[in-house]
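Hi,

Here is the structure I promised to pass on. Have a look at it first, and my notes follow underneath.

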Amino acid sequence: MNQALQFLDHHDQQALDELIQLLRHPSVSTDPARRDAVATCAGWLGDHLRQIGMPVVEIHPTAGHPIVYAEHLGAGPDRPTVLMYGHYDVQPVDPLPLWTNDPFDPTIRDGKIFARGATDDKGQIWVHIKALQAMLAAEGGLPVNVKLLIEGEEEIGSPNLSPFVREQAAKLACDAVVVSDTAMFAPGRPSIVYGLRGLAYVEIHVQGPNRDLHSGSYGGPVRNPLNALCEIIASMKDATGRVTIDGFYDGVPDLSDVEKAALNALGYSEDRLRSDVGVPAAGGEAGYSIVERLWTRPTLDVNGILGGFTGEGAKTVLPAKAMAKVSMRLVPHQQHTEIVEKITAHVSKVTPEGVTSEVIDLHGADPVLVPLDAPALKAAKIALEETYQQPCLYQREGGSIPVVELFSSALGVPTVLMGFGLNNENAHSPDEHFSLENFHKGMRAAVRFYHAMARLDAL
Ligand code: BES
Ligand code: MN
Ligand code: MN
């Protein structure tokens with residue numbers, strides 16, 4: 001193991017230079033204009049994996065963006081197999097004027113690398129790829145069998161990865177999955193994430209009159225679709241922050257006292273949240289602490305509203321239609337397809353007379369919990385504590401990684417969510433960045449993780 005760590009010490013600059021090359025690819029999965037750039041990024045990754053000595057590298061085309069798969073099974077059938085999952089696609093960059101540097105011209109400032117995808121998730125997949133390279137180069141092989149699955153559609157809900165995982169379950173067979181695509185609890189405080197929320201993302205369309213109308217000539221007897229949409233949205237939550245959709249909380253258990261105490265002991269105060277995001281007070285469901293609201297309770301949020309006149313000045317118009325994008329974060333044992341049915345029924349029940357409505361299912365993910373006694377989690381704990389010299393924390397996460405639930409239900413294995421990001425690194429926002437310290441430590445922790453996994457039976 002020490003040879004690989006020494007190799008990393010001698011190749012830090014090279015690893016960073018290569019990460020800069022990876023970050024130059026504008027692999028925005030949701031943007032049709034970037035289709036070729038996404039494919040080029042996949043090809044570049046495949047070439048690099050061949051260069052570092054992965055004997056099997058495959059680029060799988062899909063109906064959407066390619067899946068990069070690689071394997072090195074040289075450790076042999078007596079050793080465990082680890083599947084590393086990550087994503088090379090990134091979120092759109094808008095609003096571009098708020099970036100200090102071009103999002104695809106990576107720039108280093110204050111010990112951080114700034115670029116779209118720096119922390120989510122290119123910097124974090126690079127941690128693993130460089131750790132594998134170090135072991136291959138300095139130790140002549142890997143301590144465990146390794147499979148890599150790096151997709152280009154995570155940010156759009158992994159529509160083509162889900163069928164791939166189901167169909168290729170035998171090819172992807174492993175003892176555990178490792179994912180670095182989450183944040184640490186705080187700087188210097190490594191954590192293992194054992195729960196991810198799911199997601200149900202819909203559009204609500206409301207149609208009123210057959211054309212935009214003069215709001216003086218028609219206002220009153222013609223119901224306004226924007227007003228109707230606001231009423232529909234307002235009907236979905238009560239004054240205590242509880243979602244009022246019938247059956248929304250079905251199957252959501254109360255937290256056990258033990259888990260509740262453990263999560264609350266992490267000490268995430270309302271003050272920390274307030275000063276972090278600059279709000280005057282916390283919102284959300286009454287009766288739950290900040291971490292409970294963030295990680296263990298479902299939510300319903302409007303992501304955007306479209307309709308009517310939004311230009312300069314005033315225009316007296318009664319719009320013909322309105323649309324809202326609404327997403328719900330889900331927790332075990334809610335299922336995204338059932339939740340979409342429930343919100344559809346709710347919207348149709350509360351849609352006022354005089355307009356029609358429609359709910360469209362955009363994408364979703366089921367929530368997942370990883371058993372805390374999975375031996376692979378111990379390998380991560382050893383690796384993180386050795387690297388950060390701090391006790392490793394166990395936390396849940398409010399975000400979603402759609403395929404992780406499938407690793408549990410289709411492959412039957414636990415996923416180790418060992419993230420090196422930080423929550424304030426502006427994932428999905430302008431000036432996204434990744435801490436060079438965590439990049440540096442992450443590569444070392446990954447080497448230690450794969451080595452600890454070789455001793456899985458003894459953990
Ligand atoms: N890396 C994130 C997941 C995440 C979010 C981890 C927040 C830790 C904190 C992932 O790339 C992501 O953004 N997921 C989307 C999923 C969606 C598009 C299906 C999310 O959570 O919104
Ligand atoms: Mn991510
Ligand atoms: Mn993301």
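A quick definition before the helices come up: an axis here is a line fitted to C-alpha atoms, for helices over the stretch in contact, and angles run from 0 to 180 degrees between N-to-C directions. Please keep in mind that this is a predicted model.

With that in hand, helix H4 and helix H13 (residues 436-453) pack at an angle of about 55°, and their axes are 8 Å apart. That makes H4 oblique to H13, and their crossing is right-handed. On the H4 side the contacts include Gly123, Trp126 and Met135, which belong to the set that meets H13 residues including Phe439, Met443 and Tyr450.

Now to the metal. The manganese ion (ligand 3) has protein donors from Asp120 (OD), Glu155 (OE, listed twice) and His428 (NE2), at 2.1 to 2.5 Å. In sequence, these donor residues follow the spacing D-x34-E-x272-H. The six donor atoms around this ion subtend angles of 56 to 157°, so the arrangement is irregular.

Aspartate 120 also bridges the manganese ion (ligand 3) and the manganese ion (ligand 2), which lie 3.6 Å apart. Aspartate 120 sits in helix H4 (residues 118-139), while histidine 428 is in the loop between strand S17 (415-418) and strand S18 (433-435), so this pair, 308 residues apart, links distant parts of the chain.

Are these two buried or exposed? Aspartate 120 is buried, with a relative accessible area of 11%, whereas histidine 428 is partly exposed at 41%.

Best wishes

Technical notes:
Residues numbered from 1 in each chain as written. Chains lettered and ligands numbered in written order. Predicted model: local features only at pLDDT ≥ 70, side-chain atom pairs only at ≥ 80, totals over all residues. Heavy atoms only, no water. Donors = N, O, S within 2.8 Å, 3.2 Å for Na, K, Ca; no water. Tetrahedral: all angles 85-135°; square planar, octahedral: opposite > 155°, others 65-115°. Helix = DSSP H or I, 4+ residues; strand = E, 2+ residues; numbered from the N terminus. Buried < 20%, exposed > 50% of the residue type's maximum accessible area, 1.4 Å probe, protein only. Parallel < 35°, antiparallel > 145°, perpendicular 65-115°, else oblique. Left-handed = near helix turned anticlockwise from the far one by under 90°. Contact = heavy atoms within 4.5 Å.
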